[in-house]
Amino acid sequence: MSNMPLTTNDQLNILYDLLTEQSEDGCGTPAECQQIARLVQSLQNELADPSVENLQEHLSGISQYSQQNYSDDQLTEHIYSNQANLQQWASAIEQIKDSRFHG
């Protein structure tokens with residue numbers, strides 16, 4: 001069985017889950033942050049159309065958030081200080097995936 005590439009919707013779902021998890025748990029791992037950074041980079045390339053301009057702005061914020069190389073303790077603090085951002089990003093992703101893929 002070959003590895004199916006993730007669709008844009010899959011990537012949005014994974015990104016949404018990671019952001020929501022970090023927001024709700026108040027903690028995360030450097031590996032999660034690396035995964036978030038990879039997802040964002042991929043989505044930025046795929047979602048170039050103007051209808052998702054709003055999401056592009058969020059993606060660059062998420063990208064900056066995920067590219068800090070923190071120790072575990074610093075990361076927990078980083079997540080807490082970004083709680084509002086995490087929730088905002090997650091809801092923006094939710095709106096995009098709902099409107100884009102279920103419309």
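Trainee: How many helices and strands does the protein chain have?

Mentor: In this predicted model, the protein chain has 5 helices and 0 strands. From the N terminus on, the order of elements is α-α-α-α-α.

Trainee: What pLDDT does the chain average, and which elements have the lowest and highest means?

Mentor: The chain averages a pLDDT of 86, and 88% of the residues score at least 70. Among the elements, α1 has the highest mean, 94, and α5 the lowest, 86.

Trainee: How should I read the length of a helix? What span should α2 have?

Mentor: Set the expected span against the distance between the end C-alpha atoms. The 17 residues of α2 should span 24 Å at 1.5 Å a residue, and its end C-alpha atoms are 24 Å apart, which agrees. For α1, with 18 residues, the reach from first C-alpha to last is 25 Å, close to the 26 Å expected. Just after α1, G26 takes a positive phi of about 70°.

Trainee: Which residues of α4 are buried, and why do they lie on the same side?

Mentor: Start with the general idea. An α-helix has 3.6 residues a turn, so residues three or four places apart point the same way. In α4, the buried residues are L75, H78 and I79. They are on the same side of α4 because they cover an arc of only 100° around the axis. The face turned away from that buried side carries the exposed residues D73, E77, Y80 and S81.

Trainee: Which residues are buried in α1 and in α2?

Mentor: In α2 they are E32, C33, I36, A37, L39, V40 and L43. The buried residues of α1 include L12, L15, L18 and L19, and also polar ones such as N9, Q11 and Q22. Over the 103 residues of the chain, 41% count as buried.

Trainee: Which residues have the most contacts inside the largest nonpolar core?

Mentor: That core has 22 residues, and those with the most contacts inside it are L15, L19, I62 and I93. Each of α1 (8-25), α2 (30-46), α3 (53-66), α4 (72-81) and α5 (83-101) supplies at least two of its residues. Take L15 as the case: leaving out residues up to four places away in sequence, L15 touches I36, L39, V40, L43, L59, I62 and I93.

Trainee: What share of the contacts joins residues 24 or more positions apart?

Mentor: Among contacts with a separation of 6 or more, such pairs account for 70%.

Trainee: And the surface: how much does the chain expose?

Mentor: About 6200 Å², of which carbon and sulfur atoms supply 45%.

Notes:
Residues numbered from 1 in each chain as written. Predicted model: local features only at pLDDT ≥ 70, side-chain atom pairs only at ≥ 80, totals over all residues. Heavy atoms only, no water. Core = buried A, V, L, I, M, F, W, Y, C linked by side-chain atoms within 4.5 Å. Buried < 20%, exposed > 50% of the residue type's maximum accessible area, 1.4 Å probe, protein only. Helix = DSSP H or I, 4+ residues; strand = E, 2+ residues; numbered from the N terminus. Contact = heavy atoms within 4.5 Å. pLDDT = per-residue confidence, 0-100. Areas by Shrake-Rupley, 256 points an atom, 1.4 Å probe, with all protein chains shown as cover. Arc of directions from axis to C-beta. Expected span 1.5 Å × (residues − 1).
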